[in-house]
Amino acid sequence: MERVEKEASPLYYEEFLFFSGVVHDYVKMCVKERAQAARELLSKLLEKMGVEPGRARALADLMLSVATATEKLSSTELDEAHLKLVVSIVHVADILMGAMRVDEAFSALSTDRAALLLEEVVGVKFGFVKVAVPSLLQAVVSEKVVKALEESGWVQVAVYGDGSIFAGTPSAQRVSLERLAEIAAEEVRKEVCSDAAIKREINAIVEGMERRALGKLLKKLLDTGGRGELPVDVKELKRKRGSVSDIMPHYLNFYHNLVVRYLEGSSADYLLKTFGEVEKHLDVRTFATGYKGKGSVYFEEVAKQRGITKEALLRVLTGLGKVKLLTALSFIVAFYSKDDKVIEEIVEKAFGKRLPRGLPPMLLRLLAVAEVFRNRDRSDLARRVVEALPLPSEPPVGDYAREYVKTRILSNIIESGARELRTPETKHLTYCRVCGMPLYHDHWRFIEYTRVIAEGKGAGGSEIWLSDDPPLADLEDIAESYRHICPLCFYEALKVKDKFGPPFLVVALHPASSPDLLEFAKKRVRILGNVVRAARGAELGVQIGNVAEACRLVAVGERGGNGRTLRLKPEGETYGRVMELLGSHSKEEELLIHDALGARLLIPLSAGGEQDLSLKRKLCSIVLAVAPLALSLVGGGQVALALNLGDSFNVGAGQLPASLPHQPSMLTDVARTFNDIVFRARSEGRDPTPEEYRVYGLVYPALLATLYGFALRVFGWYEGWKEGGRGRHVTVEDYALETMTDMESVPHVPLAISCPPPERLKPRPEERRKGKPGPKERGEGTPLPYSSVLSYLSREVESMISEAKELVEGEKQPSLNRLLYTYAASLKELRKDLSRHKVQNPLRRSINVFLDFKRAIGTEDAKSLAIDEFLKQVRGVTGVNLEDAKKVITEKIGDKEEKKEVPYSAIFFRTISGLLDIVNRASETLPPSKLRVFVERLLDSAYEKYRSTAFEKGG
Ligand SMILES: [Zn+2]
């Protein structure tokens, strides 16, 4: 080992391995000349790291030997130590990164010679952890699981969508199931039955009561001090029909008086008689138990679900103010259970008072409230009540957590544990109605699940029919006896309510990633929570204008003057600026779900917006707008829209950097062009040439630049568009959807990126004012926001696409961007004050002539006619003789630059000829309606270029 490190010096062993791996991939792809290129590349890289040139060359040679040996697993040049400690590791890393899923990786390892060699010689063992069923809980606890494994000697070495591979030291032990079960249980308890969770529930009760009759009754009692009567018209009460809020005040006075008389010592008979004077009483749900929305909820059930112990309850209650405590205790005592006997027992135990037997349930509860009220000033009130409560035993979260880990996480380095559960406390309760896990306790009812998810707003869960209910069963009845869920599903419902609900924006590093890379991605992607919130129309979060600015910064590097470069990666200073713009609030970390066992990060899209699974296209458009930033921050990978956790596991399909239920044509079009390179090579039965590889490598930047074009049109124009008064309720999402639809209608990606939007999407509020102001006031002198960046992106995408097309089709493509610019600028040089109509007319007329006559007289003749028409029109609108007017241009001849005069007629001739070629090509591939759109957008673009050129010159 020491010797290997010494021979690698000044590199560290790890660095040596890393470079050998890089060069191995390089060499694997191609033949001899690649090896030479790789040697030069390596020497250069090493010299950059400060390695002295001679040493760098020697190291490069050594690494090349390793690279070659890695494929064959043998070498005549390398010694035993290098084969064992370097070649085998690079080989194993190569296998790991080449696998698509964890199963594939593990089975490849278990038969691999190098992996076996490592085990024999160094004692390295391999283990896998596979996620069998995706769940929120698994994702949330995954980091802790990885940590627990590391503490037992297992280091995570590769991450896949569905699990991870670990490498263990010789002393690494299998991890006990209990240990991992406890991690999961702890997380569930935190959400379901911690003090904080109990406090939330008690607060929900108190707040709920303020709106219910019980809270209002208590308020009246506090006002009167429980003495004296309030006016009641019993006859009126009997007659009264109408909404609860209409009749409730009358009932309250009536109930108030009953409580007062009870406190003053009236007999049970008298109370019963008075109570009976009114036939119909308030529903218990209206009175108190409906605090979660529809349906009754007694404290007994809450206590079960929350695992409320006496100590915890007392801790929470003592933190409440006096009135809140009175409200909470009144509910807890009077509405502890549906069973009247239980209420009687609690009151007797807590206050030593025997309530009259055989009362109607409502009257009994009023008297229980009266007893709590009577004792309101006792300092030991809370303690006495809590002691009197027959609270259920603590919920058996641990039992479920153990079963959960056992069934959901499959692994050869986690003990499988005993198959048997602890002896069930109650009779077997079949299975969880959400996830199907066997149930052994009836603590959590299905109705609670729907209640939590719908936040009490939706229909009662008892009304939902589940496919496995007994036929024709009474849903109210089986809600009690049959429909139960497990605590883990209850946990997930609470989490979803807590803004962790689907759908998700998924950032995936698939198929394989290293744990370090995932950690890096996590740190950087975190910021997107802010962007997503803003993009989904949340009031909070970052300003949309800032998102646009961040996109511009990352997409394009500005050099001095007019020079630009495609950047696409935020490094150093740019990264710092982007962070400033997007704001790195630590709070937003909570909006990211990092699944440490799977190679992906999830950002819930429901944050800040409504949850609606049907708006797929709208979601697609917003995910697409956020995608380029996400990809740039992570430095690659794929962004996806997953409608549930299961989907988020399968984002690997397809080659596009964005995987969406609706794939926009601007991405598929670009990808297809580049894929043709590979298809052609394959159809000719050969490997792609180095040149083909190089051009094919442009697919990612081309797609990313296209995505930035879309993002800038959305985020850069939205605010100006909204100011134009397009309705108060329009959101970024609406604008993104409209923009996506619009861009898809333009059948030429570079044009779709840079052409001005149709009137309804224009970001120019001032143009919508009434009256007929001049061009300056109409804002016509100002270019659209980000228009020069968009034209730059458009030109870059066009040039990358044309490289690909040239390779496949063998002929050079004219650049639409350049032709339109030349047209606009030349026209501008001749006349500065042309209207839209006059700028577009020569092009429009010429294209029409071409398309009209092409069929009849053939392409070439139609083209000549169209060119003549064009030149005639240009002469007409400019009033200039194009032969006489000359332009001075500099031309490069060899090494020399030469100034030369060219008549405008020649410039216009070349321009229209190129444009007609493009139109011709479009007319052969597009249906007539799409061709129309294409021509119209082309004309819009020409005018926009004319306009903005004028602006640049003018100011
Ligand atoms: Zn379940």
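C435 is partly exposed, because its relative accessibility is 31%, and buried would require a value under 20%. C432 falls on the other side of that cut-off: with 1% relative accessibility, C432 counts as buried. Both residues belong to this predicted model, and both bind its zinc ion.

Start at that metal site. Four cysteines coordinate the zinc ion through their SG atoms: C432, C435, C486 and C489. The distances run from 2.2 to 2.3 Å. Along the sequence the donor residues follow the spacing C-x2-C-x50-C-x2-C. What is the arrangement of the 4 donor atoms around the zinc ion? They subtend angles of 105 to 115°, so the arrangement is tetrahedral. For four tetrahedral donors the ideal angle at a metal is 109.5 degrees.

Now turn to strand β1, residues 125-131. Of its 7 residues, 6 are buried, so the rest of the structure largely encloses β1. Strand β3, residues 163-168, runs antiparallel to β1, and 6 bridges join the two. Within this pairing, F128 stands opposite I165 of β3. Strand β4, residues 409-411, also pairs with β1. That pairing is antiparallel too, over 3 bridges. Here K130 has L410 of β4 as its bridge partner. In general, strands of a sheet pair through backbone hydrogen bonds, in a parallel or an antiparallel sense.

Next comes an open sheet. Its 5 strands lie in the order β9-β10-β5-β11-β12, and the pairing is mixed. Which strands form the edges? They are β9 (593-595) and β12 (658-659), each of which pairs on one side only. Further in, β5 (residues 504-508) and β10 (residues 600-604) are antiparallel and share 5 bridges. V506 faces L602 of β10 across this pairing. Helix α26 packs on the sheet and touches β5, β9 and β10. The direction of α26 makes about 20° with that of β10.

Finish inside that helix. α26 spans residues 515-525 and contains K522. Is K522 buried or exposed? Its relative accessibility is 8%, so K522 counts as buried. Leaving aside residues up to four places away in sequence, K522 touches E143, L592, H594 and L601. With E143 there is also a polar contact: the two side chains are joined at 2.9 Å. H594 lies in the range of edge strand β9, while L601 lies in that of β10.

Methods
Residues numbered from 1 in each chain as written. Predicted model: local features only at pLDDT ≥ 70, side-chain atom pairs only at ≥ 80, totals over all residues. Heavy atoms only, no water. Donors = N, O, S within 2.8 Å, 3.2 Å for Na, K, Ca; no water. Tetrahedral: all angles 85-135°; square planar, octahedral: opposite > 155°, others 65-115°. Buried < 20%, exposed > 50% of the residue type's maximum accessible area, 1.4 Å probe, protein only. Helix = DSSP H or I, 4+ residues; strand = E, 2+ residues; numbered from the N terminus. Polar contact = N/O pair within 3.5 Å; in protein donor to acceptor, adjacent residues only side chain to side chain. Contact = heavy atoms within 4.5 Å. Pairing = 2+ DSSP bridges. Axes fitted to C-alpha atoms, helices over the stretch in contact; angles between N-to-C directions.
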